[in-house]
Amino acid sequence: MSRSVWKGPFVDGYLLKKAEKARGSTRNEIIKIWSRRSTILPQFVGLTFGVYNGNKFLPVSVTENMIGHKFGEFAPTRFFKAHSVADKKVEKTEGTGS
Amino acid sequence: MGAHGVRGQIRLRSFTEEPEAIARYGALTDESGNEKFDLKLRGTIKDHFIGSLSGVTDRNQAEALRGTQLYVERDALPKPNKREYYEADLVGLEARDRNTQISGHVKAVHNYGAGPFLEIEPTKGDSFMLPFTDIYVPQIDLKEGYLIIDLPQGWLTKSNKAGASST
């Protein structure tokens, strides 16, 4: 059963404070969070969070497409070790930091 | 790689981003690099390709190649765009931090849908992740084999030192 709309999206309160604080600072800080259950809100777009997966903090750079998803969706806790891809490319982004 | 049929065809599994691209990179080599093969793809079976290799004309020759791993020459890969890098080029690079004395090497490149990031294994301690952006990885020198990283404050501690107190 899905969450009632009248309740609004769930976000741990401390996360909003952290995001607000990070927006104000000019340092290249990654916001460490443990709240994998929190919903990604529009005010988080452009920030980089370090989401704890039980072992390490995985960087999650929030973009518009991620709004409405939970932080935990982008930081898997288990890994499937597949054969590496020989010609896989990765693009370096400008990034916004926080 | 294994044998298929009696006419020297082989079956192989491709580990390129686009599986069919394996036949577009020119001659493939074995692990030692001594033997070269020209590959032509003939069809597919489940998750395998059926193909034929130059100089392999009967099943016995194909059987002899069972388990052989084929490699693409690095120079045969197309040049990436300006801001693009091959993951294979990044893995193994030395990582030097601008501010601290921490150094290590790039262990892997990951992307779970929230932007690519590097896994860096320092000379001491556990590996850590770093977003692959200009802010945190300002300089990459593939020729010299290193990249400069800019670690965010408090990133390597497991505590909440850098941010506000939690809950």
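**Start with chain A**

Select chain A and show its surface. About 5700 Å² of chain A is accessible, and carbon and sulfur atoms account for 54% of that surface. Keep in mind throughout that this is a predicted model.

Switch to cartoon. Chain A has one helix and four strands. Read from the N terminus, the order of elements is α-β-β-β-β. Now show the C-alpha atoms alone. Taken along the principal axes, they fill a box of roughly 50 × 40 × 25 Å.

Colour chain A by accessibility. Of its 98 residues, 42% count as buried. Then turn to contacts within the chain. Of those between residues at least 6 apart in sequence, 48% join residues at least 24 apart.

Next, colour by charge. Chain A carries 17 positive and 8 negative charges, and the mean positions of the two sets are 10 Å apart.

**Two stops in chain A**

Select A:Trp34. Which elements flank this residue? A:Trp34 sits in the loop between β1 (31-33) and β2 (48-52) of chain A. Its relative accessibility is 31%, so A:Trp34 counts as partly exposed. Draw a C-alpha to C-alpha distance from A:Trp34 to A:Val62. The two are 28 residues apart in sequence and 16 Å apart in space.

Move on to A:Ser61. This residue belongs to strand β3 of chain A, residues 57-61. A:Ser61 has 22% relative accessibility and therefore counts as partly exposed; the cut-off for buried is under 20%. Add A:Gly46 to the selection. A:Gly46 and A:Ser61 are 15 residues apart in sequence, and their C-alpha atoms are 6.8 Å apart in space.

Now show what surrounds A:Ser61. Which residues does A:Ser61 contact, leaving aside neighbours within four places in sequence? They are A:Leu47, A:Thr48, A:Met66 and B:Ala114. B:Ala114 is in chain B, and it leads to the next stop.

**Across the interface**

Select the residues of each chain that contact the other. Chain A brings 39 residues to the contact, and chain B brings 49. How much area is buried between the chains? The figure is about 4000 Å², with 60% of it from carbon and sulfur atoms.

Pick out B:Phe15, B:Tyr112 and B:Trp155 as sticks. Together they supply 16% of the area that chain B buries against chain A, more than any other three residues.

**Chain B as a whole**

Hide chain A and show chain B as a cartoon. Chain B contains two helices and 14 strands. Is chain B more spread out than a compact globule, or less? Its radius of gyration is 22 Å, well over the 15 Å that the globule rule gives for 167 residues, so chain B is more spread out than a compact globule. Rotate the C-alpha trace onto its principal axes. There it spans about 70 × 40 × 30 Å.

Colour by accessibility again. Of the 167 residues of chain B, 39% count as buried. Among contacts in chain B with a separation of 6 or more, residues 24 or more positions apart account for 42%.

Bring back the surface. Chain B exposes about 9700 Å², and 46% of that comes from carbon and sulfur atoms. Then colour the charges. There are 21 positive and 24 negative charges in chain B, with mean positions 3 Å apart.

**Three stops in chain B**

Select B:Glu18. Look for it in the loop between β2 (9-12) and β3 (28-29) of chain B. Relative accessibility is 39% here, so B:Glu18 counts as partly exposed. Now add B:Glu121. From C-alpha to C-alpha, B:Glu18 and B:Glu121 are 29 Å apart, with their positions 103 residues apart in sequence.

Go to B:Lys46. This residue is in the loop between β5 (39-45) and β6 (48-53) of chain B. Check its backbone: phi is positive, about 50 degrees, although B:Lys46 is not a glycine. Is the residue buried or exposed? At 84% relative accessibility, B:Lys46 counts as exposed.

Finish on B:Ser52, in strand β6 of chain B. Its relative accessibility is 15%, so B:Ser52 counts as buried. Show its contacts, leaving aside neighbours within four places in sequence. B:Ser52 touches B:Asp38, B:Leu39, B:Lys40 and B:Arg42. Last, draw the C-alpha distance to B:Arg7. B:Ser52 and B:Arg7 are 45 residues apart along the chain, and their C-alpha atoms are separated by 9.0 Å.

Notes: Residues numbered from 1 in each chain as written. Chains lettered and ligands numbered in written order. Predicted model: local features only at pLDDT ≥ 70, side-chain atom pairs only at ≥ 80, totals over all residues. Heavy atoms only, no water. Rg over C-alpha atoms; globule rule 2.2 N^0.38 Å. Buried < 20%, exposed > 50% of the residue type's maximum accessible area, 1.4 Å probe, protein only. Contact = heavy atoms within 4.5 Å. Areas by Shrake-Rupley, 256 points an atom, 1.4 Å probe, with all protein chains shown as cover. Lys, Arg positive; Asp, Glu negative; His and termini not counted. Charge placed at Lys NZ, Arg CZ, Asp CG, Glu CD. Buried area = accessible area lost by both parts, 1.4 Å probe.
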